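Colleague: Could you take me closely through the hollow spaces of this model, and then through whatever else helps me to place them along the chain?

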Amino acid sequence: MSAATTRSRTPDRLCAEAVDLARAAAEEAAAPGVVGEHVGLVSEGDRVVTHYFECKEPGYRGWRWASTVARASRAKVVTLDETVLLPGSDSLLAPEWVPWSERLRPGDMGPGDLLPTDADDLRLEPGYSGEDEPAPNSAVSDEMAELVEAEDAEVAGGAPATLPVVPSRGSIASVAEELGLRRARVLSRYGLHTAADRWEEASGPKTAMAQAAPAACVSCGFLLRVGGSLGQAFGICANEFSPADGRVVSLAYGCGGHSEAAVMPKPPRPAPPVIDETRVDPFPLRPSPDSGSVPTAADESSAELGHS
């Protein structure tokens, strides 16, 4: 081991004694009363020493204030290099930073919140823009220009999204407007599959509600069909008493609110009363003598038993 290495590991005496200078620098950088006791020093090199002080700041358990002092060769005056707050071996550290796009969860958005979408989002793909070169058999190509005039069609100039007003019926952009193509980006196949997987997990045949359902949604009268390829596997529930009301459900999903699960029979209705107003029914004030169960004539057998 060389003499220079031994000398660098041994703290300089004047720098090691400059505890008051290091504490004053730490107290100037920190809030009042948060610099604690002197907990040690480390030699950083020739005539360079770092003093450590306890940090009493709430929430910074195990952190230390570090003030580095030094002196020039053959000089007797110790000067300050820097003061920083450093974590220790058992300090409380903040968790690793995660981008907001990875921390966002369904339901986190509130009224007035804006969710930006990346330009290269895999869930989206470019929609109809009208800026691409038309195909040779396109209605706006040079070869078909004369047919456009013959068919009384109007060719709108520029992209549909940049038009000031909705084009008249019969133009290319008008057809795009009716088909819902006047969007800069549309759902890609990847975005379609991820949405289908998410809906299948939330309202699919493997859920507890579907496992206990008497029948699937495909045969329910409250199911509203959706267009496109998703209509082959999903629909919208329109039963206000169902837990999935207003939500996209799988055709294999089901609940107890199925329209044909328990059809209630109609209560029987009695026949309407018949009133004969041409006939008068007698209504005696007293019952007839022979209307009771006990005869009015005396019976000798019953008299013997004590009956009158």
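Modeller: What follows is a walk through the pocket, the cavity, the salt bridges and two backbone positions.

Please keep in mind throughout that this is a predicted model. The largest pocket holds about 500 Å³ of space, and its lining is made up of 16 residues, among which S101, L104, L115, D121 and R123 lie nearest the centre. Two elements each give two or more residues to that lining, namely helix 4, which spans 100-103, and helix 7, which spans 189-202. Sorted by class, the lining of this pocket contains seven nonpolar, three polar and six charged residues.

Two of the residues named for the pocket centre, L104 and L115, turn up again on the surface, where together with W100 and M109 they make a nonpolar patch of about 360 Å². M109 sits in the loop that runs between helix 4 and strand 5, the latter covering 124-126. M109 is classed as partly exposed because its relative accessibility is 44%, a value that falls between the limits of 20% for buried and 50% for exposed.

The closed space is a separate matter. The structure holds one cavity of 30 Å³ or more, and the volume of the largest cavity is about 90 Å³. Its lining includes four cysteines, C217, C220, C237 and C255, together with F222, L223 and V249, and it also takes in N239, S242, G254, G257 and H258. By class, this cavity lining divides into seven nonpolar and five polar residues, with no charged residue, whereas the pocket lining has six charged residues.

Among the cavity-lining residues, G254 deserves a closer look. G254 is found in the loop between strand 9 (248-250) and helix 9 (300-304), and it counts as buried because its relative accessibility is 1%, where the limit for buried is under 20%. Although G254 and S203 are 51 residues apart in sequence, their C-alpha atoms are 8.5 Å apart in space.

Turning to charged contacts, the structure holds two salt bridges. In one of them the side chains of D12 and R71 meet with an N to O distance of 2.9 Å. This pair links distant parts of the chain, since D12 belongs to the loop between helix 1 (3-9) and helix 2 (13-16), while R71 belongs to the loop between strand 3 (63-70) and strand 4 (79-87), 59 residues apart. D12 is buried, with a relative accessible area of 12%, and R71 is likewise buried, at 19%. The other salt bridge joins R13 to E17, with the closest N and O atoms 3.5 Å apart, and here both R13 and E17 are exposed.

Two arginines finally stand out by their backbone angles. R47, in the loop between strand 1 (35-45) and strand 2 (48-55), has a phi near 60 degrees, which is a positive value in a residue other than glycine. R47 is partly exposed, with a relative accessible area of 27%. R74 also has a positive phi, near 65 degrees, and is again a residue other than glycine. R74 lies in the loop between strand 3 and strand 4, the loop that also holds R71, but at 84% relative accessibility R74 counts as exposed, whereas R71 is buried.

Technical notes: Residues are numbered from 1 along each chain as its sequence is written. This is a predicted model: local features need pLDDT of at least 70, side-chain atom pairs count only at pLDDT 80 or more; totals for chains, interfaces and linings use all residues. Side-chain values use heavy atoms; hydrogens and water are left out. On a 1 Å grid over the protein atoms alone, a cavity is a set of points where a 1.4 Å probe fits but cannot get out, and a pocket is an open set with protein on both sides within 12 Å along at least five of seven lines; lining residues have an atom within 4 Å of a point. Grid points are joined across faces, edges and corners, and a volume is the space filled by probe spheres set on the points. Helices (H or I, at least four residues) and strands (E, at least two) are DSSP runs, numbered from the N terminus. Ala, Val, Leu, Ile, Met, Phe, Trp, Tyr, Cys and Pro count as nonpolar, Asp, Glu, Lys and Arg as charged, and the others, Gly among them, as polar. Patches are made of residues with over 30% relative accessible area and no salt bridge: like charges are joined within 9 Å, nonpolar side chains (Val, Leu, Ile, Met, Phe, Trp, Tyr) within 5 Å. Accessible areas come from the Shrake-Rupley method with a 1.4 Å probe; for residues, only the protein chains shown count as cover. A salt bridge is a side-chain nitrogen of Lys or Arg within 4 Å of a carboxyl oxygen of Asp or Glu. Buried means under 20% relative accessible area, exposed over 50%, partly exposed in between (1.4 Å probe, protein chains only).
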